[in-house]
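Here is a short briefing on how the parts of this protein meet and where its charged side chains pair. Look over the structure, then read on.

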Amino acid sequence: MINASMVLCDRHFGGINYPVGGVGGIAKSLAKGLVDKGSEILYRANVTDIIVENGKAVGVRLSGGRQFFAKTIISNATRWDTFGKLLKGENLPKEERDFQKRYVKAPSFLSIHMGVKAEVLPPETDCHHFVLEDSWSRLEEPYGSIFLSIPTVLDPSLAPEGRHILHIFTTSSIEDWEGLPRQEYEAKKEKVADEIIRRLEKKLFPGLQSSITFVEVGTPKTHRRYLARQSGTYGPMPRNTPKGLLGMPFNTTGLNSLYCVGDSCFPGQGVIAVAFSGVMCAHRVAADIGLEKKSPLLDNALLSLLGWLRSLA
């Protein structure tokens, strides 16, 4: 309900709005804002280790060997990656052990990005579609349901004249793609994508296959590589009966000066939820380093209350 209320308030109050030029504009605007405020962003800078000294996070090490040190370290990797890959040799804090007991990694996605001739789409085609052909029992099966977005319906400037962009995605697990020789991997990508396109052609857009001018397929391995997420996961999913968001950890960790942010923190997955996590983390860090006022007594009471609530999950 918390996630739903945030989405409804943000996206539906006063109508749904989309950024002109595509959602990538949001990331570019954020990056520009950081640089304008004096920050420096390093691209192609792969962090391999969080450096710990005397039980405190003090810096990070990049794949090329460079090291950066700071008073505060914030990881936007998943908590599985943060405590499983970046903190080598460190004991897993109790909060992280509890998190891994309560949550499992949701599967990843198979994504298809396509360019098609505009005439294949009927007039007044909607931007978003969800396809489930047979029964609800297939909803959570790999490749069982298909999500489709057509951003050029709303913003034609994203594609050349007379063309549309289709983004198709469906759930898929990385285990389905591991251990394949390169040739078999590429053949399987083509086969699975062709089957999904055929299903869309049958259900929504006759002639879709013959209208394709460009196609690119990404698997869970692609998500793992480019998003640096363990198994290419979409994020945490309750292991047993869901208890709302009670079991989600907040931004602090069991390691001094290390904070986590993103979809494996409260309140979970999705752009709005992750943005909310970022705002919470910013306030927490600002209070801890003295940029905002805080009350140690109230802080300890609140953290104890939140810890008790999480234990109920």
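Domain 1 and domain 3 bury about 290 Å² between them, and carbon and sulfur atoms give 62% of that area. On the domain 1 side, Tyr 18, Val 20 and Gly 21 lose the most area to domain 3, together 89% of what that side buries. The model is predicted.

**Domain layout**

- The protein is split into domain 1 (1-34), domain 2 (42-104 + 243-312) and domain 3 (108-227).
- Domain 2 is thus written as two stretches, 42-104 and 243-312.
- Between domain 1 and domain 3, the C-alpha centres are 23 Å apart.

**The interface of domain 1 and domain 3**

- The size of an interface is often given as the accessible area lost when the parts come together.
- Counted by residues, five from domain 1 are in contact with four from domain 3.
- The rule finds zero salt bridges across this interface.
- One residue pair is in polar contact across it, with both residues at pLDDT 80 or more.
- By class, the domain 1 side that touches domain 3 has three nonpolar and two polar residues, and no charged ones.

**Salt bridges overall**

- Side chains of opposite charge can pair when their charged atoms come close.
- The count by this rule comes to 18 salt bridges.
- Three residues, Asp 49, Arg 61 and Lys 88, are linked in a network of salt bridges.

**Asp 49 and Lys 88**

- What separates the two side chains? Asp 49 and Lys 88 meet in a salt bridge at 3.1 Å, N to O.
- Asp 49 lies in strand E1 (residues 47-53) and Lys 88 in the loop between H3 and H4, so the pair ties together parts that are 39 residues apart in sequence.
- Is Asp 49 buried or exposed? Asp 49 is buried, because its relative accessible area is 14% and the cut-off for buried is under 20%.
- Lys 88 is exposed, because its relative accessible area is 52% and exposed means over 50%.

**Glu 195 and Arg 198**

- The closest N and O atoms of Glu 195 and Arg 198 are 2.6 Å apart, and the two form a salt bridge.
- Both residues lie in helix H5 (residues 182-203). They are three residues apart, about one turn of the helix.
- Glu 195 counts as partly exposed, at 36% relative accessibility.
- Arg 198 counts as partly exposed too, at 38%.

**Asp 288 and Lys 294**

- Asp 288 pairs with Lys 294 in a salt bridge, with 3.5 Å between the closest N and O atoms.
- Asp 288 has a relative accessible area of 30% and is partly exposed.
- Lys 294 is partly exposed as well, with a relative accessible area of 43%.

**Glu 90**

- Where does Glu 90 sit? Glu 90 is in the loop between helix H3 (79-86) and helix H4 (94-102). Lys 88 also lies in the loop between H3 and H4.
- Glu 90 counts as partly exposed because its relative accessibility is 36%, and partly exposed covers values between 20% and 50%.
- Glu 90 and Ser 29 are 61 residues apart in sequence. In space, their C-alpha atoms are 36 Å apart.

Notes:
Residues are numbered from 1 along each chain as its sequence is written. This is a predicted model: local features need pLDDT of at least 70, side-chain atom pairs count only at pLDDT 80 or more; totals for chains, interfaces and linings use all residues. Side-chain values use heavy atoms; hydrogens and water are left out. Domain bounds come from an automatic or database domain assignment. Contact means heavy atoms within 4.5 Å. Buried area is the accessible area (1.4 Å probe) that two parts lose on being put together, summed over both. A salt bridge is a side-chain nitrogen of Lys or Arg within 4 Å of a carboxyl oxygen of Asp or Glu. A polar contact is a pair of N or O atoms within 3.5 Å; within protein, one must be able to donate a hydrogen and the other to accept it, and residues adjacent in sequence count only if both atoms are side-chain atoms. Ala, Val, Leu, Ile, Met, Phe, Trp, Tyr, Cys and Pro count as nonpolar, Asp, Glu, Lys and Arg as charged, and the others, Gly among them, as polar. Helices (H or I, at least four residues) and strands (E, at least two) are DSSP runs, numbered from the N terminus. Buried means under 20% relative accessible area, exposed over 50%, partly exposed in between (1.4 Å probe, protein chains only).
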